[in-house]
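Let's take a look at how two helices meet and where some empty space is hiding inside a protein. Have the structure open while you read.

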Amino acid sequence: AVVSTQSGHYGRATAKEFHIQGRRHRLEYKKKYDSSLQVDAPGSKRQKLGYKGRGNFKSRNEDEEELPIYKEIYEAEQKQLESEWNQFREEERWYRYIEGIKRQEEDYRQGYMEERARCEMMGVAPPPPPPRPRPPPPPPARDNSRRLLENQDFRLIQQKHSQLQPSKSDVTTLEALMKRTETVLGAISDELDELFKKTPQYKKMIAELAESNTAKNAVAAKLDGGDSQEKMESEESGKKEEEEMVVERPSEPNDLPEDHLVIKSFVRVGDLPKHALLKNYIQGEIILFCVKKPTEALFDQIFNMLKKKMGAGEEGPTVEFSNNVNQAVMYLKATDPITHEVKIILTSGVMRDEEVNAMTIAQDKSLKVLNRSACLNALAYLRQTKWFESRMSVNLIVVLQLLKDLSKRIPAWTPLSTWSLELIVERCARVKGYSTSRHKFSPAEVLRRVFELFASGFLLLDNPGLNDPCEKDLVDVLGYLSVQEREDLTASAQYALRLMVYNQLYRILGIAQPAPGKSLSTVSRGSLPSSFKDTST
């Protein structure tokens, strides 16, 4: 059938077909329905060379991943640059409009002067002068009220954050102490492995593995048939003759499990890997993972070896040692020139996997295993640190440091733990309730949302509480708060929100009142072109 080109139906159908085949439609379809859809690169040769996806371009070195901190700073700079360019275009458009009015007035005035000269030459009365033109409209208005308030809050937050940040020398000293401790722990792990290999338990393990290997070889020989059996017998006889010529010594099988290791690994946790250190609390934390459940004897052995090896080294400041067996914690403290502390916590993943019953409790008591709750808290601490590194951004870390300082200064906020503050800040920074989109709020906006959450009676209502995302079961992170603590926290948040609304954030942060800013300037009459000034007076 032939379709008339004059009909509108043909144009609509053709346009729809071209739109479906276009790149923009395919990108929207890929974003909403099928992420595996292949979309061609843009038409520009420069974009084709650097295209990597929608809105992303290849870096000079693809192997190096961009840090999220620098990426967010780059996005903020680009956003600020775009707004400045938009404002510049508006002002440039206004100035062009003013120049057009001036040019039109000059042309009209010149034409009037020529017409007046012609009338004088002809002896005719000249035409009346042109009317005074209207003044030009004001330049494009800038809605700076909210922006100025946010900028002022941002300056106050930046001032307070700079006071909370430790100096670079303090962080460098703590990093050096952490590296020195990790090196000593690695040497202790190797030494404990060598001592474990001399125990009867290790020899028994080797014998059991050898028996299992011979049983496997026998089954494989039966499956292969008589030929393979004869070959194995000849090989075994040849091996026996060689072994008779060599001095007999025990050998380690290649498939030896990891149970022969005493210390499995150690991981950094706490404020140092989170980049959330405070000025008056410079501490690094290390979780020491044991293959089996740590006992008091192993705790004392590791502490004595650590004390001996760290004290023997001449490099670095003098270190003081202390421990707490009930909490499975060792402390290393360097007090020159200021206090830097390293906290080592012993734990094992076996404690979370095994089922707790009367038999396991009795067995742990007989072996003098360390406190189970302390070891489980250390495992939870590691999960919380990993969650923090995957969810938090630079702005949220700034807000978290402000709230931690607030909890130390104001008694109503003291009961809140660091983990509960981290969860609340992350929840308040979401665009929607269950959205996983990137955080696009400023620190002042996130801080205001935190105050609004507590001021709304979140702790007083009959709700399920704040769920812990790092636990298998439903656990309320704020369940330990008493009724009086919840009421005090709600009243304090309402007062803080009132202060923030009335532009008194400095009282919440505990800093001096800033100097009053300059008032908004108005467009003066002198900024107008000379041709529009009233010269009648």
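Here's a quick tour of one helix pair and the cavities. Keep in mind that this is a predicted model.

**How the two helices meet**
- Helix α14 covers residues 394-409 and helix α16 covers residues 443-455, and the two pack at an angle of about 50° with their axes 9 Å apart.
- That's why α14 and α16 are described as oblique to each other.
- The way α14 passes α16 is a right-handed crossing.
- On the α14 side, the contact is made by Asn-395, Leu-396, Val-398, Val-399, Leu-403 and Leu-406.
- On the α16 side, you'll find Pro-443, Val-446, Leu-447, Val-450 and Phe-451.
- Sort the residues of this α14 and α16 contact by class and you get 10 nonpolar, one polar and no charged.

**The largest cavity**
- There are two cavities of 30 Å³ or more, and the largest holds about 40 Å³ of space.
- Its lining is made up of Leu-402, Leu-403, Leu-406, Arg-409, Leu-447, Phe-451, Ile-508 and Leu-509.
- Helices α14, α16 and α18 (505-509) each chip in at least two of the lining residues, and α14 gives the most, with four.
- By class, this lining has seven nonpolar residues, no polar ones and one charged.

**The second largest cavity**
- This one has a volume of about 30 Å³.
- Around the second largest cavity sit Phe-458, Leu-459, Asn-463, Gly-465, Leu-466, Asp-476, Leu-478 and Arg-486.
- The lining here splits into four nonpolar, two polar and two charged residues.

Definitions and conventions: Residues are numbered from 1 along each chain as its sequence is written. This is a predicted model: local features need pLDDT of at least 70, side-chain atom pairs count only at pLDDT 80 or more; totals for chains, interfaces and linings use all residues. Side-chain values use heavy atoms; hydrogens and water are left out. Axes are lines fitted to C-alpha atoms, for helices over the stretch in contact, and angles run from 0 to 180 degrees between N-to-C directions. Angles under 35 degrees count as roughly parallel, over 145 as roughly antiparallel, 65 to 115 as roughly perpendicular and the rest as oblique. A crossing is left-handed if the near helix is turned anticlockwise from the far one by less than a right angle, and right-handed if clockwise. Contact means heavy atoms within 4.5 Å. Ala, Val, Leu, Ile, Met, Phe, Trp, Tyr, Cys and Pro count as nonpolar, Asp, Glu, Lys and Arg as charged, and the others, Gly among them, as polar. On a 1 Å grid over the protein atoms alone, a cavity is a set of points where a 1.4 Å probe fits but cannot get out, and a pocket is an open set with protein on both sides within 12 Å along at least five of seven lines; lining residues have an atom within 4 Å of a point. Grid points are joined across faces, edges and corners, and a volume is the space filled by probe spheres set on the points.
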